[in-house]
Amino acid sequence: MDKLEHYRQIIQTILSEYAKTPVANGEIESQLVFDTERDHYQVMDVGWDGYRRVHGCVLHLDIKEDKIWVQHNATEMRIAHELVAMGIPKEDIVLGFQAPYAREYTGFGVA
């Protein structure tokens, strides 16, 4: 299996496992959004918490130039560490939510 396909499978596995966990309050569904052609992967929360509408991205990962970019993480999961535990080298993980000048201090990859 080539590197890109391996990364796709790992991302889909981690996000799928995360989406199985029910949201604690309200009638909220976690939806998986996988664009495997353009390598965009998200978990969306959609539903209602009482009278409050819930609709938003809680996890967003991309694959760009053979690196996994963590674009957004609104969960308590340490997604970058989960990726490392699944065998992804730290230098192939970019914390895209960090400012470019700060990425070199994260211990993960830089773009």
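## A tour from Thr-75 to helix 1

Begin by selecting Thr-75, which is buried, with a relative accessible area of 16%; the cut-off for buried is under 20%. The coordinates come from a predicted model.

**Stop 1: the surroundings of Thr-75.** Thr-75 lies in the loop that joins strand 4 to helix 2. Show its side chain together with that of Asn-73: the two side chains form a polar contact at 2.6 Å. Next, display the backbone of Met-77, whose nitrogen is reached by the Thr-75 side chain at 3.0 Å.

Which residues does Thr-75 touch, once those up to four places away in sequence are set aside? Select Tyr-18, Val-58 and Leu-59 to display them. Val-58 and Leu-59 fall in the range of strand 3 (52-64), while Tyr-18 falls in that of helix 1 (residues 3-20). For a distance across the model, pick the C-alpha atoms of Thr-75 and Gln-9: they are separated by 21 Å, with these positions 66 residues apart along the chain.

**Stop 2: helix 1.** Select residues 3-20, the 18 residues of helix 1. At 1.5 Å a residue this helix should span 26 Å, and the end C-alpha atoms are 26 Å apart, so the expected and modelled spans agree.

Now colour Tyr-7, Arg-8, Ile-10, Ile-11, Ile-14, Leu-15 and Ala-19, the buried residues of helix 1. Turn the view to look down the helix axis: these buried residues fall within an arc of 165 degrees, and therefore line one face of the helix.

What do the buried residues of helix 1 pack against? Add strand 1 (27-35), strand 2 (40-49), strand 3 (52-64), strand 4 (67-73) and helix 2 (79-85) to the selection to see these partners.

**Stop 3: the whole chain.** Return to a cartoon of the full protein chain, which has two helices and five strands. Traced from the N terminus, its elements follow the order α-β-β-β-β-α-β. The radius of gyration is 15 Å, close to the 13 Å given by the globule rule for 111 residues, so the chain is as compact as a globular protein of that length. Along the principal axes, the C-alpha atoms fill a box of roughly 45 × 35 × 25 Å.

Colouring by burial marks 37% of the 111 residues as buried. Among contacts with a separation of 6 or more, 34% link residues 24 or more positions apart. Finally, switch on the accessible surface, which comes to about 6,800 Å², with 50% of it belonging to carbon and sulfur atoms.

How values were computed: Residues numbered from 1 in each chain as written. Predicted model: local features only at pLDDT ≥ 70, side-chain atom pairs only at ≥ 80, totals over all residues. Heavy atoms only, no water. Helix = DSSP H or I, 4+ residues; strand = E, 2+ residues; numbered from the N terminus. Expected span 1.5 Å × (residues − 1). Buried < 20%, exposed > 50% of the residue type's maximum accessible area, 1.4 Å probe, protein only. Arc of directions from axis to C-beta. Contact = heavy atoms within 4.5 Å. Rg over C-alpha atoms; globule rule 2.2 N^0.38 Å. Areas by Shrake-Rupley, 256 points an atom, 1.4 Å probe, with all protein chains shown as cover. Polar contact = N/O pair within 3.5 Å; in protein donor to acceptor, adjacent residues only side chain to side chain.
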